[in-house]
Amino acid sequence: VPYSGLDASPPQAPAGPVRAAYGPAATAGITPTEVFPLLLLALGGLLLFPAANDLLTMFVALEVLSLPLYLLCGLARRRRLLSQEAALKYFLLGAFSSAFFLYGVALLYGQAGTVRLAGIAESLAAETGSPTLALLGVAMLAVGLLFKIGAVPFQAWVPDVYQGAPTPVTAFMAAATKIAAIGALLRVLQVGVAEIAADWRPVLAAVAVATMLVGAILAITQTDMKRMLAYSSIAHTGFLLTALVAANDRGISSTLFYLFVYGLGTLGAFAVVSMVREPDGTEATGLPRWAGLGRRSPWLAGVFALLLLSFAGIPVTAGFVAKFAVFQAAAAGDAGFLVVVGVLASAVAAFFYIRVIVLMFFTDPPDDPPVVVSPPATVTLPIVAGVATLLLGITPQPLLDVAGDATVFVR
């Protein structure tokens, strides 16, 4: 979409004094929009969130990340009511989760006398303060972080917000926000509260099991492409938590590798979704509308099928290597039961991924099929994601080595 990627219809020129500045900008091909400053603010929060060394900075980064996203979710002008409903749900639930996070910061400060992650670790190692206060603080922090990554039981917002938000914003949330939140959770667990891993590992393992099963099972019942990808995102969150439960260096490196593969594949998948449109210009997100897409646009359906196979963990794709890495880390961390549940959840997830592939290539198209738009920048993204998925599935070792070397920066 020419002006912002969030709407198929151009905005109207403003009235009053602003019109004088609007004309030259429109002539130059530049249209004023609120999207870009909001996106830059969110990116700033994303960069700071996993890099923060103390909990107060992490909270500020969380708010800088979240507040622009609440507004961006409500900017789908062709589906205004659905989009604004999604923004309101995200805002209300996000506000509650932020309150839990801040209360957890207060409890950990009361236990350790500092909000620095290294200082909290030193306090827990010296066994000063109340251990109950520390456990409560970790639990409250986990509520805020697990909400951001869409883990069970804090996943209710994910399908509604992913469906209602503009597709570029959905892609940004599904990829970048999850990467930043997982990175922040990894820092808290591995740096701040690693001394009490025996206490939080069983709880996190239960959350991982529930997240994998809920995401995989509920995705089967979906008839909307964006909602299906939302539940797929929830299932992938469970796989990522499996590596965090391992609480070892192999778990850290496999998490970093998985995040790269998942983030790139998710951006490519949602780019494909944004290119399939109804004749009136709206996105064709209903699954029946995708029937026969492989006959009308074989390259697009082929790239999308490759990304779905990677999500399912089929061999010779990057998703298979990523899942194998996290399961190997969990097995090395004495969490073999998570590997069993993960394999079962992957088998269930493969069903709805393959169902979409069958729909695209082996089903007759509807009488009024949707059209495929091909903006050059949007076309590039799924192609790059598909090529990277194949290359990392065949030769993943260089990136695995980089992820292994990067574990030192997490700590």
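1. Ala247 is found in the loop between α10 (225-246) and α11 (249-275). In this predicted model, Ala247 has a positive phi of about 55 degrees although the residue is not a glycine. Its relative accessibility is 28%, so Ala247 counts as partly exposed.

2. A second non-glycine residue with a positive phi is Asp334, where the angle is near 60 degrees. Asp334 lies in the loop between α14 (318-332) and α15 (336-362). With a relative accessibility of 71%, Asp334 counts as exposed, because the threshold for that class is over 50%.

3. The peptide bond that leads from Val152 to Pro153 deserves attention: the bond is cis, with omega near 10 degrees. Pro153 has its place in the loop between α6 and α7 (157-164).

4. Helix α6 covers residues 131-149, and its 19 residues should span 27 Å at 1.5 Å a residue; the C-alpha atoms at its ends are 27 Å apart, which agrees. The buried residues of α6 include Ala134, Gly137, Val138, Met140 and Leu141. Further along the helix, Phe147, Lys148 and Ile149 are also among the buried residues. Just after α6 comes Gly150, which takes a positive phi of about 75 degrees.

5. Leu107 offers a view of how α6 meets another part of the chain. Leu107 lies in helix α4 (residues 80-112) and is buried, its relative accessible area being 12%. Leaving aside residues up to four places away in sequence, Leu107 touches Leu133, Leu136, Gly137 and Met140. Two of these contacts, Gly137 and Met140, are themselves listed as buried in α6. The C-alpha atoms of Leu107 and Leu135 are separated by 9.0 Å, and the two residues are 28 residues apart along the chain.

6. Helix α13 (residues 298-312) passes the same kind of length check: 15 residues at 1.5 Å a residue should span 21 Å, and its end C-alpha atoms are 21 Å apart, in agreement. The helix is mostly covered, with eleven of its 15 residues buried. Among them are Leu300, Val303, Phe304, Leu307, Leu308 and Phe311, together with Ser310. Gly313 follows α13 and has a positive phi, near 85 degrees.

7. The structure holds seven salt bridges. Side chains of opposite charge can pair when their charged atoms come close. Glu85, Lys89, Asp160 and Arg227 are linked in a network of such bridges, and the next two points follow this network from α4 onward.

8. Within the network, Lys89 pairs with Glu85, and the closest N and O atoms are 3.1 Å apart. Because Lys89 and Glu85 are four residues apart in helix α4, about one helical turn separates them. An α-helix has 3.6 residues a turn, so residues three or four places apart point the same way. Both partners are partly exposed: Lys89 has a relative accessible area of 30%, and Glu85 has one of 39%.

9. Lys89 also forms a salt bridge with Asp160, the closest N and O atoms being 3.0 Å apart. Asp160 lies in helix α7 and Lys89 in helix α4, so this pair ties together parts that are 71 residues apart in sequence. Asp160 counts as partly exposed, at 23% relative accessibility. The side chains of Asp160 and Arg227 meet in a further salt bridge, at 2.9 Å from N to O. This pair links distant parts of the chain, with Asp160 in helix α7 and Arg227 in helix α10, 67 residues apart. Arg227 is buried, with a relative accessible area of 17%.

10. Arg289 is situated in the loop between β1 (276-277) and α12 (293-296). At 15% relative accessibility, Arg289 counts as buried, because the limit for that class is under 20%. A polar atom of the Arg289 side chain lies 2.5 Å from the backbone oxygen of Asp368. Not counting residues up to four places away in sequence, Arg289 touches Glu278, Ala284, Arg296, Pro366, Asp368, Pro369 and Pro370.

11. Finally, the surface carries a nonpolar patch formed by Trp299, Ile383, Val387 and Leu391, with about 360 Å² of accessible area together. Helix α16 (residues 376-394) gives the most to this patch, contributing three residues. One residue of the patch, Ile383, lies in helix α16 and counts as partly exposed, at 39% relative accessibility.

Technical notes: Residues are numbered from 1 along each chain as its sequence is written. This is a predicted model: local features need pLDDT of at least 70, side-chain atom pairs count only at pLDDT 80 or more; totals for chains, interfaces and linings use all residues. Side-chain values use heavy atoms; hydrogens and water are left out. Helices (H or I, at least four residues) and strands (E, at least two) are DSSP runs, numbered from the N terminus. Buried means under 20% relative accessible area, exposed over 50%, partly exposed in between (1.4 Å probe, protein chains only). A polar contact is a pair of N or O atoms within 3.5 Å; within protein, one must be able to donate a hydrogen and the other to accept it, and residues adjacent in sequence count only if both atoms are side-chain atoms. Contact means heavy atoms within 4.5 Å. The expected span of a helix is 1.5 Å times one less than its number of residues. Patches are made of residues with over 30% relative accessible area and no salt bridge: like charges are joined within 9 Å, nonpolar side chains (Val, Leu, Ile, Met, Phe, Trp, Tyr) within 5 Å. Accessible areas come from the Shrake-Rupley method with a 1.4 Å probe; for residues, only the protein chains shown count as cover. A salt bridge is a side-chain nitrogen of Lys or Arg within 4 Å of a carboxyl oxygen of Asp or Glu.
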